[in-house]
Amino acid sequence: MAGVRFENVGKIYYDKEKKTEVAAVRNFDLAIQDKEFVVFVGPSGCGKTTSLRMIAGLEEITSGKLYIGEQIVNDVLPKDRDIAMVFQNYALYPHLTVRENMGFSLKLRGIPKAEIAQKVLHVAGILRLNDYLDRLPKQLSGGQCQRVAIGRAIIREPRVFLFDEPLSNLDAKMRVDMRVELAKLHKQLNATIVYVTHDQIEAMTLADRIVVMNNGSIQQVGTPLDLYNHPTNAFVGRFIGSPAMNQMKAQVVVEANVVYLVAKDVKIPMNGQKANILRQHANETVLFGIRPHDLIPSREPGNRFALMRLLDVIEPIGNESFAYFSINGEEEKMWVAHCEGASPVAEGEQAAIVVNLENIHVFSLDETLLA
Amino acid sequence: MTKGMRENLVSYTFLAPFLLVFVIFLAYPVFYSAWISLHKTTIYTSWYYPFSEMKFAGFENYTSLLLDFELWWSFFLTICYGFLTIPTGIFLSLLLAVLLDNKLKGKSFFRSAFFLPNVLDLFVVGVIWILIFAPEFGLLDILLKKIGLGAESGPVFEKGLLGNAWTCLPAIAVAMVLKGAGFGMILFLTAIQNISQSVYEAADIDGAGWWHKFRHITIPLVKPIILFMVITGTISCLTAFTEVYAMTINTGGPTANPFGHSLRAANLLGYHLYRNFQDAYYGKAAALSFIILAFASLISWINIRIIQPRRK
């Protein structure tokens, strides 16, 4: 096992059609610890897969240094990096059986047949593939294919495992099952894993640490809860958490020594440390965000601060409900509120939406965190 | 009329034009040649109506062919021709496909250039190669002399490659392999480009070098194309006629003397059939076509058995 370290790594493509250079990854600095499970997450085209492929050696590195363990691997061929990778489309060898697929890398290394057979059986046992060893990939379901791909990776006991969106070709139920299996597998293998996904739920549930990327650069690195509770910019706030954080532009207004965030018909008082910081930005336009879980629809707000709104749509999930209401007088601009169990207010009725003022996130217009 | 019957009727209506062409130009000639193969011309046969005045001969045409050493000589030559053209053709096509399956500059030019000979008629290609192989003034002779092979005066090859019993058939094979390689290249290129790039990447990571990837991924995944080329190559060897006709100027090549028989060195089965036809042995020629069909079926069956043993 080994850690992976990026030192100011960059990747520039030449776009033939536009005849310009495009930076896929910029100033990438990250130290992945030995035995850590790190997830790269971000929207399509954010550079997360490119970064993973640079670790694998499938993409050239334009600038900076990449270490696996203590070795600089910029110019090391994939086969000499001692890494294993699981691909989104499984990339199984279509003409080889499950057994041969898993044993292929060992065969190339000249390991004796008996030893290969034994290792294949062992790994097949871990992944519950024993009954399928003599099948060809086309005779397997998507989930089984992905288990074979994982088996092909773990049989080699490499220094680092790379997963490139391994669950995105599976159906929803299978995805949840495989997610749990992967989490178990990580505990079992005690291995360094770098995992790429665009699904923030996968990221939240699997990662020791999450790296949120956008437009080729790292937005924030941290534990799942850290990112959820303390996003350092508006993008991370929007990207992590489901449903997404409600965000809106507002004016900072100080009236009678009280700091308010004002956006048309919304006027939210701020208090504590956040108010002190915002006081210095009086009369500026800012971006503020609040998570659905910090907006609670109720009948009686009591002495808590609440917005009075008509609930347009209610989505009952069973154990919880999401209530959608329009904000700022704009029909298309919907905010989401959340409550446990069934909503106390019915669809189309007026509700008092209690705002948890402690958890309002305020960002500047360039999306960096203010308070 | 039930719905099923109506659907059938519609289907057959649309198939009718093809069926008509099939019956007139394929089915009928096949049965007619089977009928002819059981007949033979005699001295009483009118030259103007040969087919209507042939005499029933039973299997005489077949037995006389099978008992004639010349048929087996032709069969042997055809097998030699197959071994000369099929493996080399496959090898060359695959080599070209692998070379042109990358980011080489001008690859589309090379792809078209290698494919170009396929649009030429076999006869034209044959004539061009006669000019290349000709002694004294042929391109090959001139080039070999330029690099210092052969005497100052006189040709490098006394009667030219096509005039020598040992080199005639291999020379024809060279011409045909070079003509056909472009087509094979296109087939292999299509197959190779259908292999997912991520499979090669997985192999990279699994520790495979260039050779391993070629040996363990490319070759097994283009195997259907190899099988296809072996089978079509076999059939075109068994029916090879135009190239022999053109390149030996309708002689069947120089004389060879296997086991004391004076026979032609490029007298392949297809050409042998044509010679029978040309000499007005219509019944024998038709019988030979059925013997060739039997050979072709047998060899294709063996090919499939050898190349696809895993088939269940």
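**Questions about a predicted two-chain model**

Modeller: Leaving aside neighbours within four places in sequence, A:Gly151 is in contact with A:Met102, A:Val123, A:Ala124, A:Leu127 and A:Leu129. Bear in mind as we talk that this is a predicted model.

Colleague: Happy to start there. Where does A:Gly151 lie?

Modeller: A:Gly151 belongs to helix α4 of chain A, residues 142-154.

Colleague: And is A:Gly151 buried or exposed, and how do you know?

Modeller: There are 23 other C-beta atoms within 10 Å of A:Gly151. A residue is buried when that count is 20 or more, so A:Gly151 is buried.

Colleague: How far apart are the C-alpha atoms of A:Gly151 and A:Ile126?

Modeller: They are separated by 8.6 Å, although the two residues are 25 residues apart along the chain.

Colleague: Let's turn to chain B. Why are α1(B) and α13(B) called oblique to each other?

Modeller: Good one to check. The axes of α1(B), residues 3-37, and α13(B), residues 282-307, cross at roughly 120° and come within 7 Å. Roughly perpendicular covers 65 to 115 degrees, and roughly antiparallel begins over 145. An angle of roughly 120° falls under neither, so the pair is oblique. The crossing of α1(B) and α13(B) is left-handed.

Colleague: Which residues of α1(B) and α13(B) meet?

Modeller: From α1(B) come B:Ser33, B:Ala34, B:Ile36 and B:Ser37, and they meet B:Tyr282, B:Gly283, B:Ala286, B:Ala287, B:Ser289 and B:Phe290 of α13(B). By class, that contact has six nonpolar residues, four polar ones and no charged ones.

Colleague: What makes B:Gly283 count among the polar ones?

Modeller: Gly is placed with the polar residues in this classification, so B:Gly283, which is part of the contact, is counted there.

Colleague: Which residues of α8(B) are buried, and what covers them?

Modeller: In α8(B), residues 197-206, the buried ones are B:Val199, B:Ala202, B:Ala203, B:Asp204, B:Ile205 and B:Asp206. Their cover includes α1 (48-56), β6 (83-86) and α2 (98-108) of chain A, together with α9 (210-221) of chain B. After α8(B) comes B:Gly207, with a positive phi near 105°.

Colleague: Last topic, the domains of chain A. How is chain A divided?

Modeller: Into domain 1 (4-239) and domain 2 (246-363). The C-alpha centres of these two domains of chain A lie 39 Å apart.

Colleague: And how many residues of each domain are in contact?

Modeller: Five residues of domain 1 of chain A are in contact with five of domain 2. On the domain 1 side, the residues divide into two nonpolar, two polar and one charged.

Key: Residues are numbered from 1 along each chain as its sequence is written. Chains are lettered from A and ligands numbered from 1 in the order in which they are written. This is a predicted model: local features need pLDDT of at least 70, side-chain atom pairs count only at pLDDT 80 or more; totals for chains, interfaces and linings use all residues. Axes are lines fitted to C-alpha atoms, for helices over the stretch in contact, and angles run from 0 to 180 degrees between N-to-C directions. Helices (H or I, at least four residues) and strands (E, at least two) are DSSP runs, numbered from the N terminus. Angles under 35 degrees count as roughly parallel, over 145 as roughly antiparallel, 65 to 115 as roughly perpendicular and the rest as oblique. A crossing is left-handed if the near helix is turned anticlockwise from the far one by less than a right angle, and right-handed if clockwise. Two residues are in contact if their C-beta atoms, placed from the backbone, lie within 7 Å. Domain bounds come from an automatic or database domain assignment. A residue is buried if 20 or more other C-beta atoms lie within 10 Å of its own, exposed if 12 or fewer, and partly exposed in between; C-beta atoms are placed from the backbone.
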